[in-house]
Amino acid sequence: MMSRHGFAPSCHLFDPAMFPDWLTLPLSDPVNRVIDWLITHYGDAFDAISGALLSLILAVEWLVRGAPWWLVILVVAALAYHASRRLSLAMGLAGAMIFIGALGLWDLAMQTLTLMLVSVALSVIVGLPAGVALSASDGARRVALPILDAMQTLPSFVYLVPALMLFGLGKVPAIFATVIYAVPPLIRLTDLGIRLVDRDVLEAAADLGAPPARRLIDMKIPLALPTIMAGVNQTTMMALSMVVIASMIGARGLGEEVLLGIQRLDVGRGLAAGLAIVALAIVFDRITQAYGRPRRHAPGQQPAGTPPIGPGAG
């Protein structure tokens, strides 16, 4: 319907159900310009980072995929027993690895294991110092917490876009997106664990002349280790949850098998890969949880690193 001035009024001006156009904030164009600027000015740097990270991934993958299957299972069982001192857990996790091989997905599982090892290691390298830094500064913590909230709230697919633009297809952008998605829990729980350390113990150490670095290494981190390991556990689980999503940008492994099962409506193929992912998740979860629990000691035996107490303490 034409107005008396000869033009049709905008529907958005009069429709109360529509948000007005003049209040919208165009975000996509500025973000695209930033990405284009980064690629134009720092493309060589991103290529160098990509090459170094790819070399690391290929070295780990060569080691993991080249190892005999029985050796990998023995290593998993040994880690489980060392973490828990329980033979039943070691046998159970060894059985989970055998189950993956019985599904015919051993090589794909080793590719996924490589991505997991590299991404979790990088997450620890980034997250542990960041959590320690936040625990030392209330101001930095107030600034960082909203950022960590946003990182954990954003859908995981969002991280694939900048990773794909900066690093292209393949394993490197998959690692990049996985680390950004999975590192916030480790930062949070490292900060929390150190803040929960008994202040009286730290003050006693300071009174005895222990420097800040020594108090951090010898007291804060060991006492906060159960909470830190809970963060490692959550980071590991979140990294594993990215396996299927990362397969969309070229990361191979069990996630690619699930994706092919979805694309081809092959329920059995997708289910087998899903069960293998669950088995890997159980292995990672039980080992990291066991390392986070306090160790059991024989009656009368002091934990390692505990100073002697009593008349003969010297």
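Which residues in H13 are buried? I would like to open with that question, and the answer is that Leu 254, Gly 255, Glu 257, Val 258, Leu 259, Leu 260 and Gly 261 are the buried ones in this helix. Please keep in mind throughout that what we are looking at is a predicted model.

Let me stay with H13 for a moment. The helix runs over residues 254–263, and seven of its 10 residues are buried, so H13 is largely enclosed by the rest of the structure. As for what does the covering, the elements over those buried residues include helix H5, which spans 106–135, helix H12, which spans 243–246, and H14.

Now to the setting in which that helix sits. The protein has 14 helices and zero strands, and reading along the sequence one therefore passes α-α-α-α-α-α-α-α-α-α-α-α-α-α, the numbering of helices starting from the N terminus. Of its 314 residues, 38% count as buried. If we take the contacts between residues at least 6 apart in sequence, 75% of them join residues that are at least 24 apart. The accessible surface comes to about 18,400 Å², and carbon and sulfur atoms account for 68% of that area.

I turn next to two helix pairs, beginning with H11 and H14. Helix H11, residues 212–241, and helix H14, residues 267–292, have axes that come within 8 Å and cross at roughly 170°. Because angles over 145 degrees count as roughly antiparallel, that is how H11 stands to H14. From H11 the contact draws on Pro 226, Met 229, Val 232, Asn 233, Thr 236, Met 237 and Leu 240, while H14 supplies Ile 277, Leu 280, Ala 281, Phe 284, Asp 285, Thr 288, Gln 289, Tyr 291 and Gly 292. Sorted by character, the residues of this contact divide into 10 nonpolar, five polar and one charged.

The second pair is H7 and H8. Here helix H7, residues 160–167, and helix H8, residues 171–182, have axes that come within 9 Å and cross at roughly 140°. That angle makes H7 oblique to H8, and the crossing of the two is right-handed. On the H7 side, Leu 160, Ala 163, Leu 164 and Phe 167 take part, and they meet Val 172, Pro 173, Phe 176 and Ala 177 in H8. The residues of that contact divide into eight nonpolar, no polar and no charged.

Finally, a word on backbone geometry, where two residues deserve a look. Most residues other than glycine have a negative phi. Where, then, does Leu 265 lie? Its place is the loop between H13 and H14, which brings us back to the end of the helix I started with. Leu 265 has a positive phi of about 55° although it is not a glycine. With a relative accessible area of 73%, Leu 265 is exposed, whereas the seven H13 residues that I listed at the start are buried.

The other residue is Arg 85, whose phi is near 60°, again a positive value in a residue other than glycine. Arg 85 is found in the loop between helix H3, which covers 69–84, and helix H4, which covers 87–102. Is Arg 85 buried or partly exposed? Its relative accessible area is 49%, and because exposed begins over 50%, Arg 85 counts as partly exposed.

Note on methods. Residues numbered from 1 in each chain as written. Predicted model: local features only at pLDDT ≥ 70, side-chain atom pairs only at ≥ 80, totals over all residues. Heavy atoms only, no water. Helix = DSSP H or I, 4+ residues; strand = E, 2+ residues; numbered from the N terminus. Buried < 20%, exposed > 50% of the residue type's maximum accessible area, 1.4 Å probe, protein only. Contact = heavy atoms within 4.5 Å. Areas by Shrake-Rupley, 256 points an atom, 1.4 Å probe, with all protein chains shown as cover. Axes fitted to C-alpha atoms, helices over the stretch in contact; angles between N-to-C directions. Parallel < 35°, antiparallel > 145°, perpendicular 65-115°, else oblique. Left-handed = near helix turned anticlockwise from the far one by under 90°. Nonpolar A, V, L, I, M, F, W, Y, C, P; charged D, E, K, R; others polar.
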